[in-house]
Amino acid sequence: MANANIKKVKSSEIELKDRLVTINRVTKVTKGGRTFGFSAIVVVGNENGVVGHGLGKAKEVTIAISKGIDDAKKNLIKVPVIKGSIPHEQIGKYGGARVFLKPAAHGTGVIAGGAMRAVLESVGITDVLAKSKGSSNPHNVVKATINALSELRDAATVAQHRGVSMDKVFNG
């Protein structure tokens, strides 16, 4: 799905904070016994409209997390944040996960579940109402949330795409 309004960002230019969403222990059974490994889902963001997610897998937790951070820095997107909230309602989908994001008044806080909360806080959104429907698998919920955020457009972008003034966007 190629989306025209996804703005890629270079990770070298900004200070990013990482957030661990989940660590999963996986087991491979061989004739010599069980071999344990770890997979970590990590979300990075600058808390000012930039966010990315990554998956790291390794035999040790710390290595898996650092691999996840490196992966997350490779796919950063820019999100319009207006006064700590989002510009409009948006639905995101990925696999069986469906997420619904709705702007909220200042002081509401981030009303969202675990995996969604990590993504929304990393973006820098402080007031939003969110609902996760369908699958609760953290992999898909994170990807659905990023999908919803990538679909958001602010009024200036809409005006530019339509080739009209800002007044025309609001007044029809």
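Which residue in E4 stands opposite Gly45? In this predicted model, the residue that stands opposite Gly45 is Val51 in E4, and the pairing to which these strands belong offers a convenient entry into the fold. Strand E3, residues 33-45, is joined to strand E4, residues 50-58, by eight bridges, and the two strands run antiparallel. The hairpin of E3 and E4 has four residues between the strands, and in this hairpin Glu47 takes a positive phi near 60 degrees.

Strand E3 is also joined to strand E2, which spans residues 17-30, and here 13 bridges link the two strands, again in the antiparallel sense. The bridge partner of Leu20 is Val42, which lies in E3. E2 and E3 likewise form a hairpin, with two residues between them, whereas the hairpin of E3 and E4 has four residues between its strands.

Taken as a whole, the protein chain has five helices and nine strands, and these elements follow one another along the sequence in the pattern β-β-β-β-α-β-β-β-β-α-β-α-α-α. The C-alpha atoms fill a box of roughly 70 × 35 × 30 Å when this is taken along the principal axes. Of the 172 residues in the protein chain, 39% are buried, and the chain exposes about 9,700 Å², of which carbon and sulfur atoms supply 51%. Among the contacts with a separation of 6 or more, 58% are made by residues 24 or more positions apart.

A further part of the fold is an open sheet of four strands, arranged in the order E6-E7-E9-E8 and with mixed pairing. Its edge strands are E6 (90-94) and E8 (110-111), each of which pairs on one side only. Strand E7, residues 97-103, and strand E9, residues 128-134, pair in the antiparallel sense over seven bridges, and within this pairing the bridge partner of Leu101 is Ala130 in E9. Helix H3 packs on the sheet, where it touches E6, E7 and E9, and its direction makes about 140 degrees with that of E6. Helix H2, for its part, lies across E7, E8 and E9 and runs at about 145 degrees to E9.

The two helices also meet one another. The axes of H2 (residues 114-123) and H3 (residues 138-151) come within 8 Å and cross at roughly 35 degrees, and this crossing is right-handed. From H2, the residues that take part in the contact are Ala115, Met116, Val119, Leu120 and Val123, which meet Pro138, Val141, Val142, Thr145, Ile146 and Leu149 in H3. Sorted by character, the residues of this contact comprise ten nonpolar, one polar and no charged. The spacing of such positions can be read against a general property of helices: an α-helix has 3.6 residues a turn, so residues three or four places apart point the same way.

Helix H2 is mostly covered, with seven of its ten residues buried. The buried residues are Ala115, Met116, Ala118, Val119, Leu120, Ser122 and Val123, and among them Ala115, Met116, Val119, Leu120 and Val123 meet residues of H3. Just after H2, Gly124 takes a positive phi of about 110 degrees.

Note on methods: Residues numbered from 1 in each chain as written. Predicted model: local features only at pLDDT ≥ 70, side-chain atom pairs only at ≥ 80, totals over all residues. Heavy atoms only, no water. Axes fitted to C-alpha atoms, helices over the stretch in contact; angles between N-to-C directions. Left-handed = near helix turned anticlockwise from the far one by under 90°. Contact = heavy atoms within 4.5 Å. Nonpolar A, V, L, I, M, F, W, Y, C, P; charged D, E, K, R; others polar. Pairing = 2+ DSSP bridges. Buried < 20%, exposed > 50% of the residue type's maximum accessible area, 1.4 Å probe, protein only. Areas by Shrake-Rupley, 256 points an atom, 1.4 Å probe, with all protein chains shown as cover.
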